[in-house]
Amino acid sequence: MRSSIVRLIILLLMLTVSVGVASYAQSGPLPFSSNSSVGYFYEALLPYGQWMWQQDEGWGWAPYNMPIDWRPYTDGHWEFTDDGWTWASDLPWGWACFHYGRWLYDDTYGWIWYPDTVWAPCWVAWRYNDDWIGWAPLPPRARWRHNHGLEFNDHDADDLIPQHAYSFAPYRHMDDVRLVDHIEPLHRNVTLIGSTTLIVKTIVNEKGRAVNRLPFENKIVAGAGHQIVRRKLVNTAAPEQHGVMGDEVRVFHPDALKKSATAVPARWERQVKPPEVSARHAQEVVNLKQIHAQREQQLNEIHAREAREISTGVTPEKLEQQ
């Protein structure tokens, strides 16, 4: 338990530092042709974040000005649709980054999105027990093969998805439009990950398309405590029109992407080196060390209490009363 707490504190420090660095990244040359299917992402996302080259994964995109504890799939909510549980994002770029491609956490830049051309209701791994449901973005190594499905497994997920990537909420808030208000604080992840079951291959191939099928649907229905509305997926003509409208969930499929069924290349022809860390960032690191020394003591107290409670079951009601 102690080692898990220390690791999580270190990750929290990385999260805080990385957000500051991403804001200082310098613009690089166009990483791929604007006429290509993935080039569409470059132009559409450029106002909202920074494209950069990473040696292992190639070209990726990091959003600007996100909170220090931000994780993908937190600004929005889940909707039950024809294609299963679908992420409805509140962000202007959510039509792209939560339905195409994968996310990877980088120690320098924070969360980076790597593009792909296959649409899905979401690209996440799930954790669950009788009271809680959790989800985390899949990494680029979770590959989709046409007419086959997702090539990824639980062992890979445990190795490649960090603890701070998960978001947890009680079942009764699964379809709440203000889901972000009910996501547990990041320091709860150590306890909740230890008491939940991991499942990865929920994105399956049906008639040539990726759909999200959860084998624990009965737990969601029972835990919700209210009727879950099933909405219809409808294509919309522009990215700004994505979202929930009445009994529809509107999604945007760019024509440029429909023309391509190939995966994104691992690397692009042009390479940009990451920028130097600024003097301002160095001073932020010094300041943050003082803040996290105080946070470490708070986390130790919280986890000592939860360790005592875990033997009798950690329920949403207990945690919300604290």
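**Cavities, salt bridges and strands**

Mentor: The residues lining the second largest cavity divide into seven nonpolar, five polar and one charged. The model is predicted, so that local features need pLDDT of at least 70 and side-chain atom pairs pLDDT 80 or more, while totals for chains, interfaces and linings use all residues. Residues are numbered from 1 along each chain as its sequence is written, and side-chain values use heavy atoms, without hydrogens and water.

Trainee: What makes a lining residue nonpolar, polar or charged?

Mentor: Ala, Val, Leu, Ile, Met, Phe, Trp, Tyr, Cys and Pro count as nonpolar, Asp, Glu, Lys and Arg as charged, and the others, Gly among them, as polar. The lining has 13 residues, of which Trp-87, His-99, His-242, Arg-250 and Val-251 lie nearest the centre of the cavity. By this rule Trp-87 and Val-251 are nonpolar, the two histidines polar and Arg-250 charged.

Trainee: Why is such a space called a cavity?

Mentor: On a 1 Å grid over the protein atoms alone, a cavity is a set of points where a 1.4 Å probe fits but cannot get out, and its lining residues have an atom within 4 Å of a point. The structure holds four cavities of 30 Å³ or more. The second largest has a volume of about 80 Å³, volume being the space filled by probe spheres set on grid points that are joined across faces, edges and corners.

Trainee: Which strands each supply at least two residues of this lining?

Mentor: They are strand 4 (84–89) and strand 17 (248–252). Strands here are DSSP runs of E with at least two residues, and helices are runs of H or I with at least four, numbered from the N terminus.

Trainee: Why is the contact of Asp-158 with Arg-127 called a salt bridge?

Mentor: A salt bridge needs a side-chain nitrogen of Lys or Arg within 4 Å of a carboxyl oxygen of Asp or Glu. For Asp-158 and Arg-127 the closest N and O atoms are 3.8 Å apart, and the pair therefore qualifies. Asp-158 lies in helix 4 (residues 154–160) and Arg-127 in strand 7 (residues 124–128), so the pair ties together parts 31 residues apart in sequence. The whole structure has ten salt bridges.

Trainee: How do you know whether Asp-158 is buried or exposed?

Mentor: Buried means under 20% relative accessible area, exposed over 50% and partly exposed in between, with a 1.4 Å probe and protein chains only. Asp-158 has 51% and is therefore exposed, whereas Arg-127, at 8%, counts as buried.

Trainee: What is the state of the residues in the salt bridge between Glu-184 and Arg-188?

Mentor: Their side chains meet at 3.5 Å, N to O. Glu-184 has a relative accessible area of 8% and is buried; Arg-188, at 7%, also counts as buried.

Trainee: What makes Asn-65 and Tyr-73 notable in phi?

Mentor: Most residues other than glycine have a negative phi. Asn-65, however, has a positive phi near 55°, and Tyr-73 one near 65°. Asn-65 lies in the loop between strand 2 (58–63) and strand 3 (76–81), where Tyr-73 is also found. Asn-65 is exposed at 64% relative accessibility, whereas Tyr-73 is buried at 1%.

Trainee: Why is strand 2 described as largely enclosed by the rest of the structure?

Mentor: Six of its six residues are buried, so strand 2 is largely enclosed.

Trainee: How do you know that strand 1 and strand 2 pair?

Mentor: Pairing requires DSSP to find at least two bridges between two strands. Six bridges join strand 1 (residues 49–54) to strand 2, and the two run antiparallel, so the requirement is met. Gln-50 stands opposite Ala-62 in strand 2, and the two strands form a hairpin with three residues between them.

How values were computed: On a 1 Å grid over the protein atoms alone, a cavity is a set of points where a 1.4 Å probe fits but cannot get out, and a pocket is an open set with protein on both sides within 12 Å along at least five of seven lines; lining residues have an atom within 4 Å of a point.
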